[in-house]
Amino acid sequence: MSYFARVVLLLGCTLLGSPAFSQPTSLEIRALAATCANCHGTNGHAVSGSAVVSIAGLKQDYISQQMKAFKTGQRPA
């Protein structure tokens, strides 16, 4: 699984945050990745000059912390 797919999987699990959800299928991972790619660009590389941050290369712990902050309202979206 690519780094970007792992990030997206982590993102999805963080946002869902419930053990009631089963592991997402490959198609579900790709669909979730596509929603991120709309703003953050293909493979996590945002378009040059964009106000949106590239997420490629960010550490998984950092992304997880940020997603939790979005979820709790500590970080505005």
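Which residues of α3 are buried? I looked this up before anything else: I63, S64, Q66, M67 and A69 are the buried ones in that helix. Buried here means under 20% relative accessible area, exposed means over 50%, and partly exposed is in between (1.4 Å probe, protein chains only).

**Ground rules**

I am working on a predicted model, where local features need pLDDT of at least 70, side-chain atom pairs count only at pLDDT 80 or more, and totals for chains, interfaces and linings use all residues. My numbering starts from 1 along each chain as its sequence is written, and side-chain values use heavy atoms, with hydrogens and water left out.

**Confidence**

I checked pLDDT, the predictor's confidence in each residue, from 0 to 100. The chain averages 80, and 73% of the residues score at least 70. Confidence is highest in α3, at a mean of 91, and lowest in helix α1 (residues 3-16), at 65. Where pLDDT is low, the predicted coordinates should not be read in detail. I made no close reading of α1, given that mean of 65.

**Whole chain**

I find three helices and zero strands, running α-α-α from the N terminus on. Helices (H or I, at least four residues) and strands (E, at least two) are DSSP runs, numbered from the N terminus. Of the 77 residues, 26% count as buried. I noted an accessible surface of about 5500 Å², with 59% of that belonging to carbon and sulfur atoms. Those areas come from the Shrake-Rupley method with a 1.4 Å probe; for residues, only the protein chains shown count as cover.

Next I looked at contacts, meaning heavy atoms within 4.5 Å. Taking contacts between residues at least 6 apart in sequence, 51% join residues at least 24 apart.

**Helix α2**

I compared the end-to-end span of α2 (26-40) with the expected one, which is 1.5 Å times one less than the number of residues. For its 15 residues that gives 21 Å, and the end C-alpha atoms are 20 Å apart, so the two agree. I29, A33 and C36 are buried in α2. G41 follows the helix with a positive phi, near 85°.

**The cysteines**

How many disulfides does a search of the whole structure find? I got zero, counting a disulfide as a pair of cysteine sulfur atoms within 2.5 Å. Why is C36 not bonded to C39? The C36 sulfur has its closest cysteine sulfur in C39, 8.7 Å away, so the pair is too far apart for a bond. Looking from the other side, C39 is in no disulfide either, with the C36 sulfur as its nearest at 8.7 Å.

Is C36 buried or exposed? C36, in helix α2, is buried, with a relative accessible area of 10%. C39 is partly exposed, at 47%. I also took one distance from C36 across to I55: the two are 19 residues apart in sequence and 9.4 Å apart in space, C-alpha to C-alpha.

**Loop between α2 and α3**

I stopped at N43, found in this loop, over its phi. Most residues other than glycine have a negative phi, and most peptide bonds are trans. N43 is not a glycine, yet has a positive phi of about 55°. N43 counts as partly exposed, at 49% relative accessibility.

S54 sits in the loop between α2 and α3 too. Which residues does S54 touch, not counting those up to four places away in sequence? I list G44, H45 and A46. The C-alpha atoms of S54 and G44 are separated by 5.5 Å, though the residues are ten apart along the chain. The side chain of S54 reaches the backbone nitrogen of A46 at 2.8 Å. S54 is partly exposed, with a relative accessible area of 29%.

**Helix α3 and the segment after**

Back to α3 (residues 60-72) for its span: 13 residues at 1.5 Å a residue should cover 18 Å, and the end C-alpha atoms are 18 Å apart, which agrees. Just after the helix, G73 takes a positive phi of about 90°.

R75 lies in the segment after α3. Leaving aside neighbours within four places in sequence, I find R75 in contact with Y62, Q66, A69 and F70. Its side chain makes a polar contact with the side chain of Q66, at 2.5 Å. A polar contact is a pair of N or O atoms within 3.5 Å; within protein, one must be able to donate a hydrogen and the other to accept it, and residues adjacent in sequence count only if both atoms are side-chain atoms. At 32% relative accessibility, R75 counts as partly exposed, while its partner Q66 is among the buried residues of α3.
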